[in-house]
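Dear colleague,

I am passing on the structure we spoke about, together with my notes on what I found in it. Please read the notes with the coordinates open beside them.

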Amino acid sequence: MTATEKTDVLIVGSGFGGSIAAYHLAAGGAKVTVLERGPWLSGKDFDHDYLLGSSYTKVFDFVAGDGMSVLGGNCVGGGSVVYFAALPRAPRYVFERHGSIGRRMWPAAINRQTLDPWYDRVSDVLPVTQQDWNDVTYAGGLWAAACDHSGHTANPVPVGVDAKKCTNCNWMMAGCRFDAKQSLLMNYLPAALSHGAEIRPLHEVQKLSRTDDGGYRVHYNHIDEEDYRVTTGSGEIEAKIVILAAGAGATPPILQRSEETLGTMPHAVGRYFSGNGERLNTAIINEERVAEVLGLRRPNGKAYEANQIGKGPVVACWDYVDSALPEYDRFSMEQLYFPPGLGTILAQAPDAIGPSWFGKEKKEILKQWKSWLTIFLMTEDDNEGVFGPPPPTGNSYRISQQMLARGPLRYDPTPNTLHGWAKADARAKEILEKDGLAKVTPWTNDVVGAYTVHPLSSCRIGDDPATSALDDRHELRGHPGIFVTDGSSVPCGLTVNPALTIAALAERAIPGIVSAARDRGVEVTYGAPLPTSVPNSVARPAA
Amino acid sequence: MVATPDFLDDVQTMTLEAFADTIVPGAKRFPTDHAIAGVCDDPGAVEAGALELLGDPATGVAAGLAPLSAMLNQRADDYAERVGLTLEDDVPAFVALDYDHRAALILELVAWGNPERDGWVLLTMFSNMAYDSAAHRHTAEAIAEGHPGLLAMGFAEPDTDGLWRFADFSYGRVLAKRHPSTTESGSPE
């Protein structure tokens, strides 16, 4: 009989929540094992290619639910490998939000002021930099000029991109080929590895059970490296502490599936999901009007025609990120790039008489693709997402070999959410249609429902046991020794990109996790210096 | 000439081509090309490789193509009867519909509440992807060979190493006022 493998701290997922925990606990002396369901790619593994099976389909998942589809990372480094690296802090009012529960959703211990020191730490590590106008791409510049023309302000957003290395290729959703994007493969993860943390890709955790000594047994499947529908084996590891950081779309099914062995889960596990109130609009730019009205001109004589050029979102309008406005009236408007495929199917032909998202009128706007400008709206939703029963394995029923799957999330937008979307849509339209600059339509919800690239809140922190799954130390209520540090722990939509907030909350949670580990006999200390960045994304160590 | 899956018969192929042609319509490839509705004068999803993509095992829908094709023709028969159309019987029922009726039927099939919608949504998505991202081909090769969708969209050519770089990317000047409540870290207050 083979003895069950043991570790001190088992971490599920290697995105922000997992990597930050892995570094601090390993640096503090604990034996750390990270199980990541996706592959481990780095540097030259990141393709410029839409071919199914390239890094583009390997490193992220698109899970269609009922009324909400979720895009999330699926690789070592998680969301940081596929995201667009926009890293603003959440505005103060977010921490005071009540949503629909009639009281503050965040724990009393957390507000912007108390979170700022943790934001500072992550910002130093990645690092987060402020762009100047020479870094701002044509798409961002056009959005800024249009905002200015309408009397609005617009800011270059803080980012985790090394401008010197960036080629403005706009392939960052497939992973950064040039190591310009400061993903976790360039800071927390290599630092964790140097302190002995072990990261195992293609290990998908299914459930937890309890050991006789008060620890946990983590049950996982090996996933085939090409066909993620195929399981090639399974195993178990015992740990004294478990940190779940599988992402807001994947952490709840693991806990739901564990209910049989661990006992009742808090009510908020798999509830209160937020899509960060997200919404996209496509503007078809009138090149002549942009030249005439905004006076924009590229060296090649074109006014714009630059949809393909850039590095994701670089400019945002924060005029409605305003604490004086009532809840559900606040939102940010950020210029964005979304690649073809996912970024085109939902765009609608303005003024279409026939179908707007497919057919001959849609084809005509595809021919104007170079003149598209995508505007990303982050509004306040109502945390109305609920996960149904978990699928047999993982977080979804996989359809394609990679990327595409069907999941158990249901999302029926409330009037508050619909109000926020409509307000933000109307404002983006007003800005970009002024003086004939563009024709603007929101992406349709008729195909895959609403959608989010920033799933949140499905296992959230809070002070109220009825509406939060975790206490303010990120420990799962009723299940000591299990912590959750990913986007599912964030209580609500933030009206800005959430990566830095997820990371800051993870940093903030670490002292408490270290303390819990020590209570469970793990020899670990807190206080290791912050990691320093490395120039190249860390590759999978040779076997 | 784009490849079509060899596990589909002519009726199935023609039916699925007609579906893809409704998503991104194209020009008829030859005078008796019934699958293509002929409402556009340049290539659409079919010439872009929709059937090749749908038949790719990576999509996970290949095994469903034959049954979806049969269902589509049944739904087309039902639709024709409901709206009072008499269909030519020398082609599959969906193919016998003109473009506007094909589009109207697809809107019904993908409507929320239709318990069969998932399969039709998948057909729609992959038909679209064949045209606008050529997901069945290496992107650089597809562009070099004149893929009709990427070409029509104006997708730029890569550098000689197959990677994209844009040295010309910025207007390089201040284009808006900064929000007055921006903090020192560059974030909102």
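In strand E19 of chain A, A:Lys439 is the bridge partner of A:Ile284. I should say at once that this, like everything below, comes from a predicted model. The strands concerned are E12 (residues 278-285) and E19 of chain A, which pair in the antiparallel sense over 5 bridges. They belong to an open sheet of 6 strands in chain A, whose order is E6-E13-E14-E15-E12-E19 and whose pairing is antiparallel. Strand E6 (155-156) and strand E19 (438-442) of chain A stand at the edges of the sheet and have a single partner strand each, so one side of each is left without a neighbour there. Helix H11 (residues 415-433) of chain A lies across E12, E14 (332-336), E15 (372-378) and E19 of chain A, and it runs at about 170° to E19(A).

A second group of strands in chain A is worth following from strand E3 (residues 60-66), which is mostly covered, with 6 of its 7 residues buried. Strands of a sheet pair through backbone hydrogen bonds, and they may do so either parallel or antiparallel. E3(A) runs antiparallel to strand E4 (residues 68-73) of chain A, to which 5 bridges join it, and within that pair A:Ala64 stands opposite A:Ser69 of E4(A). The hairpin of E3(A) and E4(A) has 1 residue between the strands, and A:Gly67 takes a positive phi near 95° in it. With strand E18 (residues 404-411) of chain A, by contrast, E3(A) runs parallel, joined by 4 bridges; here A:Val63 has A:Ala405 of E18(A) as its bridge partner.

One residue that I looked at individually is A:Glu204, which is found in strand E9 (residues 203-210) of chain A. Is A:Glu204 buried or exposed? A:Glu204 has 23 other C-beta atoms within 10 Å, and since 20 or more are enough for a residue to count as buried, A:Glu204 is buried. Leaving aside its neighbours within four places in sequence, A:Glu204 is in contact with A:Arg37, A:Tyr220, A:Asn221, A:Ile223, A:Thr393 and A:Gly394. A:Met378, on the other hand, is 174 residues from A:Glu204 along the chain, and the C-alpha atoms of the two are separated by 31 Å.

Taken as a whole, chain A contains 12 helices and 21 strands, and 65% of its 543 residues count as buried. Its radius of gyration is 22 Å, which agrees with the value near 24 Å that a compact globule with 543 residues would have. The C-alpha trace of chain A spans about 75 × 50 × 45 Å along its principal axes. Among contacts in chain A between residues at least 6 apart in sequence, 75% join residues at least 24 apart.

Chain B has a secondary structure of 9 helices and 0 strands. The radius of gyration of chain B is 21 Å, well over the 16 Å that the globule rule gives for 189 residues, so chain B is more spread out than a compact globule. Its C-alpha trace spans about 70 × 40 × 30 Å along the principal axes, and 49% of the 189 residues of chain B count as buried. For contacts in chain B between residues at least 6 apart in sequence, the share that joins residues at least 24 apart is 52%.

Within chain B, helix H1 (10-23) has 14 residues, of which 12 are buried, so H1(B) is largely enclosed by the rest of the structure. Among the elements that cover the buried residues of H1(B) are H2, H3, H4, H5, H6 and H7 of chain B. At 1.5 Å a residue the 14 residues of H1(B) should span 20 Å, and the end C-alpha atoms are indeed 20 Å apart.

Finally, the two chains meet through 57 residues of chain B that are in contact with 63 residues of chain A. On the side of chain B that touches chain A, H1, H6 (99-109), H7 (117-132) and H9 (148-153) of chain B each supply at least two residues, and H7(B) gives the most, with 8 residues. The residues on this side of chain B divide into 29 nonpolar, 18 polar and 10 charged.

With best wishes

How values were computed. Residues are numbered from 1 along each chain as its sequence is written. Chains are lettered from A and ligands numbered from 1 in the order in which they are written. This is a predicted model: local features need pLDDT of at least 70, side-chain atom pairs count only at pLDDT 80 or more; totals for chains, interfaces and linings use all residues. The radius of gyration is taken over C-alpha atoms; the globule rule is 2.2 Å times the number of residues to the power 0.38. Two residues are in contact if their C-beta atoms, placed from the backbone, lie within 7 Å. Ala, Val, Leu, Ile, Met, Phe, Trp, Tyr, Cys and Pro count as nonpolar, Asp, Glu, Lys and Arg as charged, and the others, Gly among them, as polar. Two strands pair if DSSP finds at least two bridges between them. Axes are lines fitted to C-alpha atoms, for helices over the stretch in contact, and angles run from 0 to 180 degrees between N-to-C directions. The expected span of a helix is 1.5 Å times one less than its number of residues.
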